Amino acid sequence: MSAINVDEVDGEVVKNLINSVDTVLFDIDGVLVIQNQIVPGAAEFIEKLRNIGKKIAYVTNNTLKSPETIKQILAPIKAELDEINNPITALLEYLQRIDYKKDIYVIGSRACKKLLTDAGFNVIDYKSLRIRDLEEDLNAIRELSRKAIERCQNVGMVFLDYDINFCQGAIQVAQVILSNIANVQLASGCLDDWGNIGSNIILSGPKYYGDALERWSKKKTIGFGKPGQGLVNLICNKLNITDGQRVLMIGDRQ
């Protein structure tokens, strides 16, 4: 089903659209929530959908907040923890399904790393590899790269997501791991190139670094952020979705 703008259609069309689906997926930021506040009418609308038997789930690329924190924000609409899906919940489902045992090199938020660690996975990040601020010369980069190869021999996945404390050294380590250690998967969470966070402020995303890692490593990224297949698989499995034409996604942009 192609995207539509509900402001441009009449109520009967919207009613028919709702009747044609079994599952309704909601984006969170900018759709249900603006600056941590539920938008007016959202709780009542979702309650009506539940009352007529629609399955509901919430989907976000935001990994700065844990699912538990998101659940607290969504308390007025009575969201359950299992209904909240983001790149980390999708990644965890994948890792558990394949019985993943190796280390993970992560470029991502503190919440992202904590969720992985709490689930029993060993996380390596740039901070854990860096002893001090690097000198601004090529010898320092070579030293960092050698250390990454030495310390990351058990890494089986490089995971790239949004990290407000990102630095060039972190992507250097990711590239070195992918290029020098065998059988390492490349995975990503949010790979948006930008996002509008209000007051004419644009959030710069990690898309360009994700594209670069694919080029450098010649590996295809496993995407766990929307619209990546990893997140799609998680939601379909959770909600027993077999026909994508009977799913409505409500978001803030095409």
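Biologist: Which helices and strands each supply at least two residues of the lining of the second largest pocket?

Modeller: In this predicted model, the elements that each contribute at least two lining residues are β6 (103-107), α5 (110-118), α6 (126-129) and α8 (168-180). The second largest pocket has a volume of about 440 Å³. Its lining comprises 18 residues, and those closest to the centre are G108, K113, K127, D163 and N165.

Biologist: What is the make-up of the lining of the second largest pocket by class?

Modeller: The lining of that pocket holds eight nonpolar, four polar and six charged residues. Among the residues closest to the centre, K113, K127 and D163 count as charged, because Lys and Asp belong to that class. G108 counts as polar, because Gly is placed in that class.

Biologist: Why are α8 and α9 called roughly parallel?

Modeller: The axes of α8 and helix α9 (residues 207-217) cross at roughly 30 degrees and come within 9 Å. Angles under 35 degrees count as roughly parallel, and α8 and α9 are therefore described in that way. Their crossing is right-handed.

Biologist: Which residues of α8 and α9 meet?

Modeller: From α8, the residues are Q168, I171, A174, Q175, L178 and S179; from α9, they are Y209, L213, W216 and S217. By class, this contact has six nonpolar, four polar and no charged residues.

Biologist: What makes α4 roughly perpendicular to α10?

Modeller: Helix α4 (residues 87-97) and helix α10 (residues 229-239) have axes that cross at roughly 80 degrees and come within 9 Å. The range for roughly perpendicular is 65 to 115 degrees, so the crossing angle places α4 roughly perpendicular to α10. The contact of α4 with α10 has three nonpolar, three polar and one charged residues. In this contact, T89, A90 and E93 of α4 meet G230, L231, L234 and N237 of α10. E93 is charged because Glu belongs to that class.

Biologist: How many cavities of 30 Å³ or more does a search of the whole structure find?

Modeller: The search finds two. The second largest cavity contains about 50 Å³ of space, and the residues lining it are I28, D29, V33, N36, T60, N62, K65, I70 and I73.

Biologist: How do you know which residues of that lining are nonpolar, polar or charged?

Modeller: Ile and Val count as nonpolar, so I28, V33, I70 and I73 fall in that class. Asp and Lys count as charged, which places D29 and K65 there. The lining thus divides into four nonpolar, three polar and two charged residues.

Methods:
Residues are numbered from 1 along each chain as its sequence is written. This is a predicted model: local features need pLDDT of at least 70, side-chain atom pairs count only at pLDDT 80 or more; totals for chains, interfaces and linings use all residues. Side-chain values use heavy atoms; hydrogens and water are left out. On a 1 Å grid over the protein atoms alone, a cavity is a set of points where a 1.4 Å probe fits but cannot get out, and a pocket is an open set with protein on both sides within 12 Å along at least five of seven lines; lining residues have an atom within 4 Å of a point. Grid points are joined across faces, edges and corners, and a volume is the space filled by probe spheres set on the points. Helices (H or I, at least four residues) and strands (E, at least two) are DSSP runs, numbered from the N terminus. Axes are lines fitted to C-alpha atoms, for helices over the stretch in contact, and angles run from 0 to 180 degrees between N-to-C directions. Angles under 35 degrees count as roughly parallel, over 145 as roughly antiparallel, 65 to 115 as roughly perpendicular and the rest as oblique. A crossing is left-handed if the near helix is turned anticlockwise from the far one by less than a right angle, and right-handed if clockwise. Contact means heavy atoms within 4.5 Å.
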